[in-house]
Amino acid sequence: MSDAIRVALVGATGLVGREVIGACVGREDIRLAAVARREMPLPPGARMELFVADPANWGEVFEALRPKALICALGTTWKHAGEDEAAFRAVDEELVLATARAAHAQGVERMVVVSSVGADPYAKSFYLKVKGEVERELGKIGFQRLDILRPGLLRGERGGDRRRAERLGIAISPLLNLALHGKYRRYRAIDASEVARAALALARKATRARLVHEHDALRREAHSLPMPATGED
């Protein structure tokens, strides 16, 4: 385990966060530590730490953990935010930025953040505008490496949190993906498990960079993550 990289994960209870945890089962090259606001069940075989703390104290957790990289999969939904702009910003903007600043202050060198395809601080869509503003502010914090993931519609088991239109989109996504070509390929739906593996692959990279990854790049990074080595107990 001497060559393993320590990675902190926030947003562990969400769709991508759960997939990140699952993708680390059996891995010896990544030492994952989740930082969350509440307890959560871990998948069978998971060898990881889970720290439950108020977000105001997450900086202290980062100080104790000293991770090289932070994977941020924080985010709420418009429905969970009560369709209130301030409530939505409280999580997707304020909490994300506060977490990033706390991690950077404790020496975290790299950050991988899950954003959204179409993120733009000048977008007419409130959701995409907030995502774009957050990306812009993250770029000012000073991480040695910042990887911004912009997936399209995420496929995966989210429970009962899906809107009807979203469930329909997932159902027909194989056909929609075939119809999206050229500059529209970035809007293709993608499995949350692929986004998670891409996040882990990027968290392992030490080169200085600030990069944005959309559909095709996310899939390439996901497939670049080595398979877990078979360990002996």
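This report describes helix H4 and its surroundings, an internal cavity, the residue Arg-89, and two loop residues in a predicted model.

## Helix H4 and its packing

Helix H4 runs over residues 126–138 and has 13 residues. From the first C-alpha to the last, H4 reaches 18 Å, close to the 18 Å expected at 1.5 Å a residue.

The buried residues of H4 are Phe-126, Val-130, Lys-131, Gly-132, Glu-133, Val-134, Glu-135 and Leu-138. These buried residues pack against helix H3 and against three strands: E5 (110–114), E6 (145–149) and E9 (209–213). In an α-helix there are 3.6 residues a turn, so residues three or four places apart point the same way.

## The cavity

A probe the size of a water molecule, rolled over the atoms, shows where empty space is left. In this structure there is one cavity of 30 Å³ or more, and the largest cavity has a volume of about 80 Å³.

The lining of the largest cavity consists of Leu-74, Asp-92, Val-96, Val-113, Val-114, Ser-115, Lys-131, Val-134, Glu-135 and Leu-138. By class, six of these residues are nonpolar, one is polar and three are charged. At least two lining residues come from each of H3, E5 and H4; H4 gives the most, with four residues. Lys-131, Val-134, Glu-135 and Leu-138 thus appear both in the lining and among the buried residues of H4.

## Arg-89 in helix H3

Arg-89 belongs to helix H3, which covers residues 85–105. The side chain of Arg-89 is joined to that of Glu-93 by a polar contact of 2.6 Å.

Apart from its neighbours within four places in sequence, Arg-89 is in contact with Glu-94, Phe-126, Lys-129, Val-130 and Glu-133. Of these partners, Phe-126, Val-130 and Glu-133 are buried residues of H4.

## Two loop residues with positive phi

Most residues other than glycine have a negative phi. Arg-66, although not a glycine, has a positive phi of about 50 degrees. Arg-66 lies in the loop between helix H2 (58–65) and strand E4 (69–72).

Glu-83 also has a positive phi, near 55 degrees, in a residue other than glycine. The position of Glu-83 is in the loop between E4 and H3. Glu-83 has a relative accessible area of 57% and is therefore exposed, the cut-off for exposed being over 50%.

Conventions. Residues are numbered from 1 along each chain as its sequence is written. This is a predicted model: local features need pLDDT of at least 70, side-chain atom pairs count only at pLDDT 80 or more; totals for chains, interfaces and linings use all residues. Side-chain values use heavy atoms; hydrogens and water are left out. A polar contact is a pair of N or O atoms within 3.5 Å; within protein, one must be able to donate a hydrogen and the other to accept it, and residues adjacent in sequence count only if both atoms are side-chain atoms. Contact means heavy atoms within 4.5 Å. The expected span of a helix is 1.5 Å times one less than its number of residues. Buried means under 20% relative accessible area, exposed over 50%, partly exposed in between (1.4 Å probe, protein chains only). On a 1 Å grid over the protein atoms alone, a cavity is a set of points where a 1.4 Å probe fits but cannot get out, and a pocket is an open set with protein on both sides within 12 Å along at least five of seven lines; lining residues have an atom within 4 Å of a point. Grid points are joined across faces, edges and corners, and a volume is the space filled by probe spheres set on the points. Ala, Val, Leu, Ile, Met, Phe, Trp, Tyr, Cys and Pro count as nonpolar, Asp, Glu, Lys and Arg as charged, and the others, Gly among them, as polar.
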